[in-house]
Amino acid sequence: MTDLSTEAVELGASGLVLDGREEALLCASLFYFRLPREVWEARLAQVRATGYRAIDVYLPWNFHETAPGEWDFEGRRDVGAFLDLAHEAGLAVIARPGPYICSEWDGGALPSWLALEDGLRLRQAEPRFLAQVRSWFDRVMPLIAERQWGRGGSVVAVQLENELDFFDTHDRHAYITSLRDMAIEHGIDVPLVACAGQGDLVGATGGVEGVVPAFNFYPDDRSAFVEPEVRRYAELVAGRGEPLLVTETNRHHATLRRLLVSGATLLAPYLQASGYDFGYTPSVGNWGDPGGFMTHDYDFGGYLSPVGEARSATSEARVLAAFVRTLGPALARAVTQASDTLRVSVPTSASPSQLALDGGGTVTGIPNLGDEWGTAVIDAAGLSDVEVKLPPFSCLLLVRDLPLARFGLPGTLRLASADLVGAGPDGIELASLAPSVIALEGADGVKLVELRAPQPGASVLTTVSSGADRWDLVVRHPDDVPAPGDVQIPAAAAVGEPEAVTGVARLDTETRSGATKSYELAPSSESVGVYRGRTHYAASVRGVGELLIEGASDIVDLALDGLALPTVARFGATFRVPVDGAGAFEATVETWGHSNFDDSRLPGLAIGSLRGLGRVWSVAASEDVTALWTVDGGEQWAGDPAPLRTLGGWSSTRIGRPATYRRALPVDGTSHYALHLDGLSRPCEVSVDGTDWMVSPEDPWVHLAPGEGADVAITLPHWPGSEGGAALLRLEAVRDWQVEAQPDTAILALAEQQSDGEDARLPLEIEPGEETWLDVEVPAGGLSLRFEGAQVRVSAFARGELLGRVWLEDAARPRFTGGDPGRLWIPASWNTGAVRLLVRGTAGGVQPCLERVTAAATPE
C-alpha cells in the first residue's frame, strides 16, 4: 500500500478510505463558479440525495484573480463558504485548483495576461510561470488546507494540474514536483492526485513520488471494449499498490457500472450537476472543433439540469449508490478479472468484467448495449441455464454466491438478477426494472423464485424459505429506492410554459465611451487591459487596395467607411480584406473566451494566445510562386540533378510518401512577406531558413520577417490533385491606430446606467454594425429566457452581472456545444423584474432582427 494518509483519509488498494470506511466512492462534479451562491446549499443537497458521497470541484485561478494582482474571494467567489456547505451536506470533496483546469472554461483558468510576460512558458517548470502559480497557490491552498477532512473539513484529496498528458510539457517531473512541493508547504496532507486524460500515467504525474495517478475515461458508451481497457489500468495501478481512481468519465450509469466491475474504486462522472457559464467565462475551441463555442448553459445531460431539475438518471444514481453501500468493503477490496463467456441475445461487451468480492461471492457486469430488451443465460452453484432479462442500454450487476452472514442473515445468495440495494436482519432489498430471478441457498438447498417487475410505488414482496432458513425479499422500482439515511429527496418541479415578453424599451444609453488612445500598431486586447470584453480599433486605409489580417481573434466585426462587413470568427487564421478605395477602417473584437485546449491548427486556439485584431498589413504586391521548386523525393529520389516542378507537382506511385519542395523566394530583405499555400488539403512541414513548424489547411499562411525566405522547404505527402498554387505577398504595416479598450467592467458599468427610453416592439430590426440597449420586463422568479432572430448577438445583464451571450442565425457563427445556444437562464435571486440587453446587428445578407424573447419559469 502506498502510504499517503492522514488520520482520517487513507489511500490504498481499496481506494480513498474515509474515517476507516472502505467503500467505492461515487463523485459528482459540482462547480460553485457556475451557480449563484444562493443555490449552492440546495444543489449540494440534491447531489447528496442521489447517494453520491463526494463531489469534485475545480477552483479556477482567473475567476479569483480578475486582473493582475486583483483577488476576489467574496460573494459567489467565496470558495471557502462553498466547501463549508459541502461539509455540512455530508459530502467529501476532491479539490482541483489546477493551475490549469480545462473545464471548457476561459483559458482553462490560466489568466490571459500571463502571455504578456516575455519568456513565460505555460505549464512548464519555468521560473516565471512557477512564480505566478505560487501567487495563486499562496491564496487558494490555505483555504483548502484548513478544510481538509482530517481537520474537520470536506477535502479528501487535491488534484494537481489536469490531464497534463495532453500537453507538451518539457520536464514533467520537475513541473509536478514544484506543484507538489507548493501544496505540501501550505499544509496539504490529504492524498495528491494527477489525472491522465489519455492514459499516459507518467505523462500526467511526471512519475513524481507522492502524486498518485488517476484516469479520465470518455469511451463510446456503446463500445464493446470498455471493460478490457479499464481492467488494463486497474491491473497497472494494482501492481503499484494503488487503486483505480476514475476522476472523469461519462454520465450514463450503464457505463459507470461497467467501470465499477472493471476495478474502479472512485467513479467521478463529468458532469452530473450542470450549471451556467455566467459572464465572459466560456472557452473556445472545444473537442477538436476549431473555434467551437460553449453555450451559456453548461450541460452535458447529467442527472441535474442547470436549474436543478432532477432527471430520470437520479433514480439510477440512487440504485448504484445503494448497491455500493450494501456491499461496502467487500466491493472496495474486490479483485477484477475477465468473466466467463455468457450467452447474451443483444449487443454486449467483448470481454465482460467480474469482481471477486472480499469474503466470497462475485459481481458480474452484463451490458446490454442495444436499444431493445434482451436476455442472458447464466448459471450459479446448484443452478444452470437461468434466463434473466436485460433492459435496453443497461448493465446488470449480477451477484452470485454471496455469503449472507455478513448481513446477519443465514445461507448464501446464489444469484440475484436485481440490484442488491440493502440487506440486514430484516431482509433483503433489491431494485429492478425487469422481472427478477433470485436464488437463495439454505438448510434444504437452493430455492429459486421469479418475481414480476415492480411498478413505481408498488414494490414486490415475498418470503423464501429453505428448511429453518427464511428470507424476506422486497423488490422496488428504481424510482422508489430511498436516499441514504435521513437525506430527503427534493420534490420535483416542472419548467413552465414559455410566454412571449412584450414590455420592451429602447434606451438612449451609449454602448461605448468613445475614449480612445493612440498606438503605432494595433495592440492586443490583453495589453490594453481587456482580459474579458471588447476592444475597438480604427485607422485610415486610404490608398490601400487590400488588407491582410494575421492573428485576429475571437469575434471580429469589421467596417469600411461605416459599412459593416460579415463577422469573422477564424481564431487567428490569416485572411484578406478588399478595401476598394475606402478611407476608414474600423474593427470591434469581442473575446468570447480563451482556448482551454492547445490546438495548433489555428493561432488563436493555442493556450496562452492573445486576443485582439492581431497584425494588420496593406498588401503592396503579390507574386505567383507556384513554379520553380526543386524536389527531393526521399526514397523515390534517383539522384542529381533535382527535378524542377510546381509545388506539389511531383508524381509518384508511392501515394502518401513525403516529398520536399525547396526554393528561394523573391524577397527584398527589408520587407515583411506572407506566403499563401493555396489549396492545402492536409498539414505540412515548412522550414524557413532552418526554422521548422507545421502549417495547417485551416491557416495556410507563412509569415516571413525581413531577411527571411532565402531558403524555404515544404514537405508534403504525395497525393495527386490535392495541392494548389502558392502566392507571395509583400506587406506594409498599417499604422496610427485609435483604440478604445472596453473591458467587462466598463460594459457592466454601462449596463448599470439609468437611462430614458421609449417603448419598442418586437420584432426589432437594426442595421448591420448598429448596437442598441433594450430593457425587457420579465416575470418574477427564476426564468429561462429564449431569444429568436437572425444576424444579431445579444448580451443579457441582470443584477450587475452579465448573464451570458447568444448569437442568432449567422453564417459566421461557430458551432456551439454544451447546451442550447439560444437560451439564457436568469436565477431568481438575480431577477429584479427587468433584464438589460445589448443587441448588435451583424452583416450577412439578412436583415438583423431580434424577433422574439420568451420567458419560462424554472424550478430553481
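Trainee: In which sense do helices H1 and H3 cross, left-handed or right-handed?

Mentor: The crossing of H1 with H3 is right-handed. Please bear in mind that this is a predicted model. On the H1 side the contact is formed by Trp 40, Glu 41 and Leu 44, and on the H3 side by Ala 81, Phe 82, Leu 85 and Ala 86. Sorted by class, the contact of H1 with H3 comprises six nonpolar residues, one charged residue and no polar ones.

Trainee: At what angle do the axes of H1 and H3 cross?

Mentor: The axes of H1, residues 40–49, and H3, residues 79–88, cross at roughly 35° and come within 10 Å of each other.

Trainee: How many residues of H1 are buried, and against which elements do they pack?

Mentor: Burial is read from relative accessible area, with under 20% counting as buried. Seven of the 10 residues of H1 are buried, so the helix is largely enclosed by the rest of the structure. They are Trp 40, Arg 43, Leu 44, Gln 46, Val 47, Arg 48 and Ala 49. Trp 40 and Leu 44 are thus buried and also take part in the contact with H3. The buried residues of H1 pack against E3, strand E4 (54–58), H3 and helix H9 (313–332). After H1 comes Gly 51, which has a positive phi near 95°.

Trainee: How many residues of helix H8 are buried?

Mentor: For H8, residues 253–261, the count is nine of nine, and the helix is mostly covered. Among the buried residues of H8 are His 253, Arg 257 and Arg 258. Here too a glycine with positive phi follows the helix: Gly 263, near 120°, comes after H8.

Trainee: In what order do the eight strands of the barrel follow one another?

Mentor: The order is E3-E4-E7-E8-E9-E10-E11-E12, with parallel pairing, and the strands close into a barrel. On average, neighbouring strands of this sheet are turned by 30° against each other, direction ignored. Strand E3 (residues 25–29) pairs with strand E12 (residues 264–269) over two bridges in the parallel sense. Within that pairing, Leu 25 has Leu 266 of E12 as its bridge partner. Helix H4 (residues 127–145) packs on the sheet, where it touches strand E7 (92–98) and strand E8 (155–160), and its direction makes about 175° with that of E7.

Trainee: Which strands form the edges of the open sheet that contains E24 and E25?

Mentor: That sheet has four strands in the order E24-E25-E29-E28, with mixed pairing. An edge strand pairs on one side only, and here strand E24 (419–424) and strand E28 (460–466) do so. Neighbouring strands of the sheet are turned by 20° against each other on average, direction ignored. E24 pairs with strand E25 (residues 427–431) in the antiparallel sense over five bridges, and Ala 423 stands opposite Ile 428 in E25. H9 lies across E24 and E25, running at about 45° to E24.

Trainee: With which strands does E58 share bridges, and how many are there?

Mentor: A general point helps in reading paired strands: in a regular strand the side chains alternate between the two faces of the sheet. In this structure, strand E52 (residues 771–777) is joined to E58 by seven bridges, and the two run antiparallel. Leu 838 in E58 is the bridge partner of Trp 773. Strand E54 (residues 792–798) also runs antiparallel to E58, with six bridges, and Leu 837 in E58 is the bridge partner of Ala 796. Seven of the eight residues of E58 (residues 834–841) are buried, so this strand is largely enclosed by the rest of the structure.

Trainee: Is Ile 714 buried or exposed?

Mentor: Ile 714, in strand E47 (residues 712–717), is buried, with a relative accessible area of 0%. Leaving aside neighbours within four places in sequence, the contacts of Ile 714 include Trp 629, Leu 647, Tyr 661 and Cys 684. Ile 714 and Val 631 are 83 residues apart in sequence, with 9.7 Å between their C-alpha atoms.

Trainee: How many disulfides does a search of the whole structure find?

Mentor: A disulfide is a covalent bond between the sulfur atoms of two cysteines. The search of the whole structure finds zero disulfides. For Cys 102, the nearest cysteine sulfur belongs to Cys 195 and is 9.4 Å away. Because the cut-off for a disulfide is 2.5 Å between sulfur atoms, this pair does not qualify. Cys 102 is buried at a relative accessible area of 5%, and Cys 849 counts as buried at 9%.

Conventions. Residues numbered from 1 in each chain as written. Predicted model: local features only at pLDDT ≥ 70, side-chain atom pairs only at ≥ 80, totals over all residues. Heavy atoms only, no water. Buried < 20%, exposed > 50% of the residue type's maximum accessible area, 1.4 Å probe, protein only. Pairing = 2+ DSSP bridges. Axes fitted to C-alpha atoms, helices over the stretch in contact; angles between N-to-C directions. Left-handed = near helix turned anticlockwise from the far one by under 90°. Contact = heavy atoms within 4.5 Å. Nonpolar A, V, L, I, M, F, W, Y, C, P; charged D, E, K, R; others polar.
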